[in-house]
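The following exercises invite the reader to examine helices and their contacts step by step. Each task is followed by a worked solution.

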Amino acid sequence: MVAPVLALAGWTLVIWAWMMATRLPALAKVGVKLGRLKGGTGRDAEGVVPDQVQWKAHNYNHLHEAPTLFYAIALGLAVAGQGDATNLALAWAYVGLRVLHSLIQTLWNQVLWRLTAYIASQLVLVALVIRGAAGFM
Amino acid sequence: MIGMEILKPVAVLAGWTMVMWLWMYVTRIPAMGKAGIDSKNLVGGTGKNLDEVLPDKVQWIAHNYNHLHEAPTVFYAIALLLAMVGQGDGLNAQIAWGYVGLRVLHSLIQTLGNRVMFRFFVFALSSLCLIALVLHALIAVFH
């Protein structure tokens, strides 16, 4: 169970690197002087840098939402000694669908496709939560 | 197993989050249709863009769904830590159940009436439970 958890954490860092690699040049291009910038959050870049650049940031943020539940349940299953077989397969499916969701959101961001990948990943997460609840009770 | 009792409230709060996810979709998708959003050709954007477009009551459910991915992440981390060091039974499990109960109440307040004073009060109470769990974890790890 540790492997898919690590894989998704690693993927999040890949998206982070991608966000930085696209965002920093984009900020420079629109004349934002990082050395003089005070306050604000990443959201302030909305409408300032091109949408395609922000899509990476949106996905980076998104990877800190539903996946936090995945980490909790996956680690809970591992601690309870139930992190193998079906649970492990479901965890890998979740990670695969989240990678797909990232690629959709960062590359062409058609909302209907993004939604479909997201719903598929959430259904896997629902299955893991139910199996976790059954296993822990 | 020793210290595993706390995994029950963990699973319940994760399950509650999934309930909120379903509730969000059941209300949001029809509201998007009603607002005339051409979702087939929609490219880019995030859920926050819907704040100005959809009725407040629909967005409140989304706000709570998002909120359930904030402070509860600390709860999950600390609860798992307590389970791992064998401190997830007894009082800690009870506090964790208290936290989950207060978060469910917080969800109901935010989605149904959304009076900020009530919401704030319940959030503060839930944070006190979380502080207690974090303190217990600190003691367990360092003492």
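**Exercise 1.** Within what distance do the axes of α3(A) and α3(B) come, and at what angle do they cross? Determine also how the two helices are oriented and which residues meet.

*Solution.* The model examined here is a predicted one.

Step 1. The axes of α3(A) and α3(B) come within 10 Å, and they cross at roughly 10°.

Step 2. Angles under 35 degrees count as roughly parallel. The crossing therefore makes α3(A) roughly parallel to α3(B).

Step 3. On α3(A), the residues A:T68, A:A72, A:L75, A:G76 and A:V79 take part; they meet B:T73, B:Y76, B:L80, B:A83 and B:M84 of α3(B).

Step 4. Sorted by class, the residues of this contact comprise seven nonpolar, three polar and no charged.

**Exercise 2.** Describe the contact between the two chains, with attention to the side of chain B.

*Solution.*

Step 1. Chain B contributes 24 residues to the contact and chain A contributes 23 residues.

Step 2. On the side of chain B that touches chain A, the elements giving two or more residues are α1 (7–34) and α3 (71–84) of chain B.

Step 3. The largest share of that side, 10 residues, belongs to α1(B).

Step 4. The class count for the side of chain B that touches chain A is 15 nonpolar, seven polar and two charged residues.

**Exercise 3.** Establish how α1(B) packs with α4(B) within chain B.

*Solution.*

Step 1. Helix α4 of chain B covers residues 90–113; its axis and that of α1(B) are 9 Å apart, at an angle of about 10°.

Step 2. It follows that α1(B) and α4(B) are roughly parallel to each other.

Step 3. From α1(B), the residues B:P9, B:V12, B:L13, B:W16 and B:M20 meet residues of α4(B), including B:W97, B:V100 and B:R103.

Step 4. This contact of α1(B) with α4(B) has 10 nonpolar, one polar and one charged residues.

**Exercise 4.** Check the length of helix α4 of chain A, then describe its surroundings.

*Solution.*

Step 1. Helix α4 of chain A has 23 residues (residues 85–107), so at 1.5 Å a residue the helix should span 33 Å.

Step 2. The end C-alpha atoms of α4(A) are 33 Å apart, which agrees with the expected span.

Step 3. Among the buried residues of α4(A) are A:L90, A:Y94, A:R98, A:H101 and A:I104.

Step 4. The cover over the buried residues of α4(A) includes α1 (2–29), α2 (51–62), α3 (66–79) and α5 (111–136) of chain A.

Step 5. After α4(A) comes A:N109, which has a positive phi near 60°.

Key: Residues are numbered from 1 along each chain as its sequence is written. Chains are lettered from A and ligands numbered from 1 in the order in which they are written. This is a predicted model: local features need pLDDT of at least 70, side-chain atom pairs count only at pLDDT 80 or more; totals for chains, interfaces and linings use all residues. Helices (H or I, at least four residues) and strands (E, at least two) are DSSP runs, numbered from the N terminus. The expected span of a helix is 1.5 Å times one less than its number of residues. A residue is buried if 20 or more other C-beta atoms lie within 10 Å of its own, exposed if 12 or fewer, and partly exposed in between; C-beta atoms are placed from the backbone. Two residues are in contact if their C-beta atoms, placed from the backbone, lie within 7 Å. Ala, Val, Leu, Ile, Met, Phe, Trp, Tyr, Cys and Pro count as nonpolar, Asp, Glu, Lys and Arg as charged, and the others, Gly among them, as polar. Axes are lines fitted to C-alpha atoms, for helices over the stretch in contact, and angles run from 0 to 180 degrees between N-to-C directions. Angles under 35 degrees count as roughly parallel, over 145 as roughly antiparallel, 65 to 115 as roughly perpendicular and the rest as oblique.
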